[in-house]
Amino acid sequence: MKVLIAEDDEGIRLGLKEVLEGEGYTVIEAADGQEAVEKFKSSDPELVLLDIMMPKMNGYDVCKVLLALKPSLPVIFVSAKSEEIDRVVGLELGADDFISKPFGVREVVARMRAVTRRIFKSLAPERRDPETVQVGHLVVHPQELRAKKGDELIDLSLRDVRILLLLQREKGRVVSREMLFNDCWDMQYLPNSRTIDQHISKLRKRVELDSNNPTLITTVHGVGYRIE
Amino acid sequence: MNANARLGLLLSAMVVVPLVAVGFVGWRLVGDQEALARHSVESGFGERLKSLDQAVQTIVRGYERDLARYAAELPRTTDPQALREALGRQPRTSLALVLDRKGRLVFPPLVAGIVSQRELAFLERTRPVWEGGLLESAALLGALDGKASGPDRGWIAYFFGGGQHFLWWFADGRRVVALEVSGIDLMTELVSQLPETPVAGEDTSDERTVLADATGRIVYQWGSRAPAANERPKATVGMSEPLESWTLRHFAAESTLPGAIAGTLRTALVAGLAGLGLALGAGAWLIWRARTRESRLAAQRVSFVNQVSHELKTPLTSIRMYADLLKSAHEDAELDEAEPAARHLAVITRESDRLSRLIKNVLTFARGQENRLAIARREVVADDIVTATLATHGPALAQARIAVETDLAAKASIALDPDAVEQILSNLLSNVEKYARTGGWVKVTTRVLAGPVRLVMRVQDRGPGIPTAQREQVFEPFWRASDRLSDGVTGTGIGLDIARRLARLHGGDLAVVDSEGSDGQAVAGATFELVVLAEPGPKDAS
Amino acid sequence: MLSRLTAAITSVLALACFAAAPANAQQVRVETALDHSVLQANQKQTAYLRTALTGFDLPGERGRAPLNVAIVIDKSGSMQGTKIEQAKAAARAALAQLRDDDIVAIVAYDDTVEVLVPATKASDRASIERGIARLSAGGMTALFGGVVKGATEVRKFMTRDRVNRVVLLSDGAANVGPASASELGQLGRSLRKEGIAVTTIGLGLGYNEDLMVQLAQASGGQHVFIEHERQLAQVFKEGFGNLASIVAKEVVVKIRLAEGLRPVKVLGRAAESIDIVGQEVTVQMPALYARQLDDLVLELEVRPLPPQNLQVATVDVSYHNVATNAADKVSMALRAEFTDDRERWSRSEVPAVRVAVLERVANEQSRQAIELRDQGRVEEAKRLMQDNAKTLHEGASKYGSDTLDKLSKEYDFDADNLEGEQWNRQRKVIQRRNVQSPYQLEQNNF
């Protein structure tokens, strides 16, 4: 899923990029309002994160333009302007959410996931993932970005879902890191394998009944991973 | 209504109302003045005519003096020829009646062959006078015998042949002489002494004075104005003897002086009003400026506050975000939490949270000062907010070695501003961290009650507590338990003010209540009770 | 012997019938004569006495009297256009005739009176010009006021030695102030007493000739009829030129008749200026111009008287002599012989007197004819005029008089112009003629 981040502060923009890419989104950057509109036209993202106070064109105006181009576009305002009026204006303009700075990563992730869920809901049925997928002991709800581990409801990232679905599709077979990379990482270059391993490791911590003894996602040394 | 709009209206009224009042009254006064001036102009015309009549009188008196002289100089003879010659020599009159003391006609002689045609005609037209006894009685009643009981001279005016004729009679005790003064002669005398019309260009006044005789016929007139057919004279004056039936009429254009006076007064009035308006306007403007200066200053302050907060939030966002990223990367690395890096990170995170809260407080406080604080209600589960807030404060509370106890029963979704509630709880917890550390314990209790639907939250600690006397005071902005920096008390003192404002905006309140133990007995420590109404109250801003 | 003596005495006495006062160079020449040098004795008869006055010659410019004239101009609405422009030209022409020590004033009237130029020395030509230029027409006609104000201006510098005049120019009837002929006549009379004469100039066919004539006659001034405004300037030039040639003013002729003779009337003169009381006839005559002739004809009734040589009348002509600037008087006595000789009587006709009588009678008839015509009795008027003309024609041939001849032609013309538009014009001509000295018809005397 492509996400456009329009933010003039480089630190925050790169930080957000890192966070979102970690979530499994493909990130397109824009450093000012005008660039945001241009990048939107050229790359057609599914979601836009907009700062309000930007040079060349402020976030509100960009929002108007983008929504005129694609009325169903989900927009999240991310701004230091956090007065009630700003919220209201933003939401009135048609934005889906308003995150005020300073925010924590957790907050961003939660909002992203919420919006993503909504996006999935709005997709045509044939384009959707199935509603429920049994992956081992997990009941995965891909649309919901959640899985049920027994009674516990676990939030999953986009990538998490992709990984689980991939593994489930290849159930019994080994999924190489390369396959994982191609399928679950929208990237142009191969990250180091450590990234993939770290991610699987983190996933395991959440989905495994006992993360020290993974029963669901098993490591196939040197090759990849597998769901039994 | 916007306060500025109200002020504007008031100031406008302050300017307009006196102007209107003064203007109205002034206009009426000017109107009165004009009417007065018009009246006095017209009576001035009347006065002028009266003085003209006086001038005419002077002419007539002069005439009379001449006539008296002629009458006296007329030879005391009954010889018609001598009398004729004497009369012929006089410029002003050529005919006269002479009556003896008995009132009998002496001259002209009623003898054919002696009397001339002119004299005959004269006698004919004056018949009523000498035959009718008019002069006789005058002669008898008059100073005929030297006893001046009545007038000894006078005018007789009579009409004959369509024209007015005059006789001037003079009785000297022995005879009465009545000299004929032809109307034409009188007119000639008058006209030659009355003014003529000034030559065009020299006279700018649009007036005319008309001298009319007994029949109303214009005898003579002067002045450049040609009155319209139905124009009425501005003044009419009847003249004195012997021209009693003659009149002087004065025509003038409507607005000469009064209009000018009115114009001048009106100009003065307008100038005065303009001056007044200017003064009032200047005053109003100054007041406006002064008042709106406050607004402007406030706006500046607000924008300053906004600007500052924006400036502060931006780097703060990066700090938090990277701290989080570091942390997750750190987690990936499966490092021990006790590791220095972990601790360092924890501090960074915690302090940046705190900074964030502080900035938020300051902003809120600033808005609160401007009465621009507002809440936006959303259907939320209060417990979620509590949980999240406690999670955020977790590290800080842990670091302060404060145990957290919860009794959360606000699972129902109610309409309130989650950020506000979060801020309130956050401030309360900060206070516990700052002031109730010694208690080492904090308990958060939540309930949702009905009638009216409200959230009730309590934050209880086992700190030194708040003396009853200070239970109100603690909510005052900038009030802290101690001002002495050395006491090691931190904080700005605005937290509780903010918290209470936010609570009140929900139609609820925040207050210090008695601390109770689980058994209901009073215990040490402070308990803050927050009540937040779920229904919009009057204080909610839309 | 006695018859011869009688004849001699008779012829000598006959000579004495012509009485002429010895005139010196600077005196008005007075000639008095009866129409018959011999009267019938023992017969009641009508006789005519004529007194002729001739102005003496002024010794050049120096002798000429200084003038004191107010020009009063009608600027009523009817004068708008070329008339007022011509009036201005006339005023300028008049001004050109004046010497520096003459006094002139210019008064203009419409419904009110404006003194455009107050009485001022003619030397101040620039400001007088300015006054004339300010003349503009439009309004009614306050003729009375205009004349009075004109007289006021004349009064300012009025001295005995000056010729004091108001010259009135009007084209219309007066309608503001006194406007009747008799009233204006009264004005004229009172002005005459002061020594101010009013010369009236009627312009066009719209003025009231009766009014203008009365005003002029009563005041001892002249009357002029100008039909078209382009004649104005010339007439004014002439008139003002003639003003300067006045030699005698305030002319009063007093005729005292002897017992047995009764004055009946003075022929052909305004009644205003004539006073007949008993045996005495007083006539105020207009001013006399140099070398000009004026006369008066008195009709008288003679009682039957026995033959004798009688002083029938004394004639006193008193006037103010302009040349000497002093009062002057010429007196004479007239004698006549009464005879039973009818033949002699009829042969003793004096042509000059007869001519004068005829003129005057015709004048009277003409006045009557106007009255008839005014009453609408056109035919009667016409007949009267034609008879008039015939009588004059006969007289012209009998006495060989050019004057009578001219007059008869005029009366003929009158008779032909009694109808319609022409009557308006002709009436003015007749009126003018009637008031003018017959010897000065050609002149434009002001």
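Is Lys434(B) buried, exposed or partly exposed, and how many other C-beta atoms lie within 10 Å?

**Entry 1: Lys434(B)**

I began with this lysine in the predicted model. I counted 17 other C-beta atoms within 10 Å of Lys434(B). A residue is buried at 20 or more and exposed at 12 or fewer, so Lys434(B) is partly exposed. I then looked up its secondary structure. Lys434(B) lies in helix H9 of chain B, residues 418-435. I also checked a distance to another part of the chain. Ala400(B) is 34 residues away from Lys434(B) along the sequence, and their C-alpha atoms are 8.9 Å apart.

**Entry 2: confidence**

Next I looked at the scores. For the complex, the predictor gives an ipTM of 0.75 and a pTM of 0.54. Chain A has an average pLDDT of 84, with 95% of the residues at 70 or above. Chain C averages 86, and 93% of its residues score at least 70. Within chain A, I asked where confidence is lowest and where it is highest. Helix H4 (residues 84-93) of chain A is the low point, with a mean of 73. Strand S1 (residues 2-6) of chain A is the high point, at 93. I keep a caution here: where pLDDT is low, the predicted coordinates should not be read in detail.

**Entry 3: chains A and B**

I took chain B first. I found ten helices and 16 strands in chain B. Of its 542 residues, 34% are buried. I looked at contacts in chain B with a separation of 6 or more, and 68% of them are between residues 24 or more positions apart.

Then I took chain A. Chain A has eight helices and twelve strands. Of its 228 residues, 39% are buried. Among contacts in chain A between residues at least 6 apart in sequence, those joining residues at least 24 apart make up 53%.

**Entry 4: helix H8 of chain A**

I picked out helix H8 of chain A, which covers residues 193-207 and has 15 residues. From first C-alpha to last, H8(A) reaches 21 Å, close to the 21 Å expected at 1.5 Å a residue. Which residues of H8(A) are buried? I listed Ile196(A), His199(A), Ile200(A), Leu203(A), Arg204(A) and Val207(A). Seen down the axis, the buried residues of H8(A) fall within an arc of 140 degrees, so they line one face of the helix.

**Entry 5: helix H8 of chain C**

I repeated the check on helix H8 of chain C, residues 232-243. H8(C) has twelve residues and reaches 16 Å between its end C-alpha atoms, close to the 16 Å expected at 1.5 Å a residue. Its buried residues are Leu232(C), Val235(C), Phe236(C), Gly239(C), Phe240(C) and Leu243(C). Why do they lie on the same side of H8(C)? They do so because they cover an arc of only 120 degrees around the axis. I looked up what they pack against. The partners in chain C are strand S5 (67-74), helix H3 (82-97), strand S8 (163-170), strand S9 (197-203), strand S10 (223-226) and strand S11 (246-257).

**Entry 6: nonpolar cores**

The largest nonpolar core has 192 residues. Val72(C) and Ile106(C) have the most contacts inside this core. Helix H1 (residues 3-73) of chain B gives the most to this core, with ten residues. I noted the neighbours of Ile106(C), leaving out residues up to four places away in sequence. Ile106(C) touches Ile71(C), Ala91(C), Leu116(C), Val117(C), Ile128(C), Gly131(C) and Ile132(C). Another core, of 108 residues, lies apart from the largest one. Cys184(A), Ile227(A), Ile385(B) and Val459(B) are among its residues.

**Entry 7: where chain A touches chain B**

I counted 20 residues from chain A and 15 residues from chain B in this contact. On the chain A side, helix H1 (10-23), H4, helix H5 (105-122) and H8 each supply at least two residues. H1(A) gives the largest share, five residues. By class, the chain A side has seven nonpolar, five polar and eight charged residues.

**Entry 8: where chain C touches chain B**

Here I counted 26 residues from chain C and 22 residues from chain B. Strand S7 (113-121), helix H5 (143-156), helix H6 (181-194) and strand S13 (274-277) of chain C each supply at least two residues to the chain C side. Which of its elements gives the largest share? H6(C) does, with six residues. By class, the chain C side has ten nonpolar, eight polar and eight charged residues.

How values were computed. Residues numbered from 1 in each chain as written. Chains lettered and ligands numbered in written order. Predicted model: local features only at pLDDT ≥ 70, side-chain atom pairs only at ≥ 80, totals over all residues. Contact = placed C-beta atoms within 7 Å. Helix = DSSP H or I, 4+ residues; strand = E, 2+ residues; numbered from the N terminus. Nonpolar A, V, L, I, M, F, W, Y, C, P; charged D, E, K, R; others polar. Core = buried A, V, L, I, M, F, W, Y, C linked by C-beta atoms within 7 Å. pLDDT = per-residue confidence, 0-100. Expected span 1.5 Å × (residues − 1). Arc of directions from axis to C-beta.
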